[in-house]
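Got the viewer open? Load the model, switch to cartoon view and keep the selection box handy.

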Amino acid sequence: MSEINVYNTLSAQKEPLIPKEPGKIGMYCCGPTTYNFIHLGNARPLVVFDTIRRYLAYRGYKVTYIQNFTDVDDKIINRAKEEGQAPQALANHYIEEYFKDADALNVCRATVHPTVSGHMTEIIEFVKALIDKGMAYEIDGDVYYAVSKFKEYGKLSKRNREDLLDGARVGVDERKKEAADFALWKKAKPGEPFWESPWGQGRPGWHIECSAMSHKYLGESFDIHGGGFDLIFPHHENEIAQSEGRFDRPMAKYWMHNGFITVNQEKMSKSLGNFFMLRDILAKFPAEVIRFYLLSVHYRSPLDFDDQKLEAAAKGLDRLKTAVRLAKERLGRQGSEAAASTEIGQPFMEELAKTKKQFEDAMDDDFNTALAIAVLFDAARLLNSWVSDPASVAFAAIAAGAVQLEELAEVLGLGLAEDIAGAEEDPALSQALKGLLLDLGGHEAAGIETLMEQLLELRESARKSKDFATSDRIRDGLKGLGILIEDTAQGPRWRRG
RNA sequence: GGUGCGAUGGCGAAGUGGUAACGCUGCGGCCUGCAAAGCCGCCAUUCGUCGGUUCAAAUCCGACUCGCACCUCCA
């Protein structure tokens, strides 16, 4: 099997992925600050790195995946103050809410989800080690990292210290030795939450948590560190300064960054009024559509959100699902038996192997999910062509093709298995169907399945007697209720759409 | 000002030297009572502009024009 290539921000090029330990990968991704529901921008790295993790696992690696929560932070403190709540309670609440959204997006739980509040000991120890080594200094309860002590500072973001000084226009702390120095530990102001430390009461700076927690769970040096583009500077640059300043070895071998999201071609911002929580979108589109859409563009490219694009994505995803559904219907019961007892013909096997290879090649090339999805579409068309051939007795191939399509989609976290139509009872729909049935002179029945059976029976008898007015009335009526009727050689079928 | 990224058909989006994937939309055909779904076929001689390198460039180099991001604890 060919090797996986990943784009490394550090080297600004694609490199073969060679784990530190064969067969194992340690991966750390920066998670959200939990002061609100997650927004669209948070959703992309979640889905992207979850997919990368899934693919690495698919390729046989044992992946240790760490994603933190920043649950101690100014934004949390401010918001808690506004709402008259305890900061930690607020943070914990949004951690719970985070998991609801992540679950909806079919994002697997990380190996560990460490929190800042749960790792004060490690953080303090880390800061102490940096001071002891002369990489940091304390001033009146604050601790700063001395950027001048780390010669490689700027290597990730490709900046030199002169560039940084240009940018530092505002609010430079006079006490800092150098403008670019950043806080490792912040002294608590009155009324703020604090933890005891060798430098008095305070709380950690933003960057130190990731150095401390990645060290604890993945060691001094690990394989992949991920996050959004905007974290390259200052966050990841500072993490490198901290971890490599302390341990004198590469913090992570590969640095991966996902591109930004825009909404209607504009950057999300509160002032533009286009700042969307994931839940806003979830109210309009199924989570699986959002996941599919996020993966339909390469993770390093910018991605724009609007309703038209999501609608197109919904149709695309539906096409993949339809292929699996049609294959299963074609197989039916008899077909399943035939499939089990028949050998897959050589040409079919070759086609299936080719698809799998193309999918893997796409993912091997810096996790090109857009190309991988294109392969899925090709596979769907191929499968459809087998299914729609009336003479086809390639049951075994159809069965294998459907299974493979589902499996590959699952690597991307996309479930193609059909929701059991109408299995969930829907009182409003049920009553509407009963009304329609009564209008047509039928008898009231219980349960959506039974109601549909009766309506389709009525329609079939109307069709047989060429009473198309009635049959179309039924079909149109159902369409108005979100139920689609399709006539096939094996009789009518229905589904909710 | 500094740093970096991008520009591909109606829309979205792959493609980094060998002659433009894929999805949505649209058009024609098959199928259907009509549809729907599916299948088959068609829809960029062209990849922001202008030069250059090469037998050959969307792909490499240079200039330019637009657009975007980071430098300000927003992923």
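Here is a walk through the chain, one selection at a time.

Keep in mind that this is a predicted model. Start by colouring chain A by domain: domain 1 covers 5–258, domain 2 covers 307–411 and domain 3 covers 427–496. If you drop a centre on domain 2 and another on domain 3, using C-alpha atoms, they sit 31 Å apart.

**The sheet**

Next, pick out the four strands of an open sheet, which run in the order β4-β3-β9-β10 with parallel pairing. At the edges you'll find β4 (62–67) and β10 (252–258), each paired on one side only. Look along the sheet and you'll see a twist that averages 20° from one strand to the next.

Zoom in on β3 (residues 24–29) and β9 (residues 222–228), a parallel pair joined by three bridges. Click C29 and find its bridge partner, G226 in β9; then try M27, which stands opposite I224 in β9.

Now select helix α6 (residues 208–218), which packs on the sheet and touches β3, β4 and β9. The direction of α6 makes about 155° with that of β4.

**Across to β10**

Stay with β9 a moment: seven of its seven residues are buried. On the β10 side, β9 pairs in the parallel sense over six bridges, and G228 stands opposite N258 in β10.

What do β9, α7 and β10 make when you show them together? A right-handed β-α-β unit. Select α7 (residues 232–247) and show its side chains: the buried residues include H236, I240, A241 and R246. What do the buried residues of α7 pack against? Their neighbours are α4 (120–132), β6 (142–145), β7 (182–187), α6, β9 and β10. Just after α7, stop at D248, where phi is positive, at about 55°.

**The cores**

Zoom out and look for the largest nonpolar core, with 113 residues. Those with the most contacts inside this core are V127, Y145, L184, L376, L383, I398 and L405. Domain 1 and domain 2 both give residues to it, so the core lies between them.

Select I398 to see a piece of that packing. Leaving out residues up to four places away in sequence, I398 touches A327, R330, L331, A339, L383, W386 and V387.

For the last stop, select L436, L437, L478 and I483: they are among the 10 residues of another core, which lies apart from the largest one.

Notes:
Residues are numbered from 1 along each chain as its sequence is written. Chains are lettered from A and ligands numbered from 1 in the order in which they are written. This is a predicted model: local features need pLDDT of at least 70, side-chain atom pairs count only at pLDDT 80 or more; totals for chains, interfaces and linings use all residues. Two strands pair if DSSP finds at least two bridges between them. Helices (H or I, at least four residues) and strands (E, at least two) are DSSP runs, numbered from the N terminus. Axes are lines fitted to C-alpha atoms, for helices over the stretch in contact, and angles run from 0 to 180 degrees between N-to-C directions. Two residues are in contact if their C-beta atoms, placed from the backbone, lie within 7 Å. Domain bounds come from an automatic or database domain assignment. A residue is buried if 20 or more other C-beta atoms lie within 10 Å of its own, exposed if 12 or fewer, and partly exposed in between; C-beta atoms are placed from the backbone. A nonpolar core is a set of buried Ala, Val, Leu, Ile, Met, Phe, Trp, Tyr and Cys residues joined through C-beta atoms within 7 Å. A crossover is right-handed if, with the strands pointing away from the viewer, the path from the first strand over the helix to the second runs clockwise.
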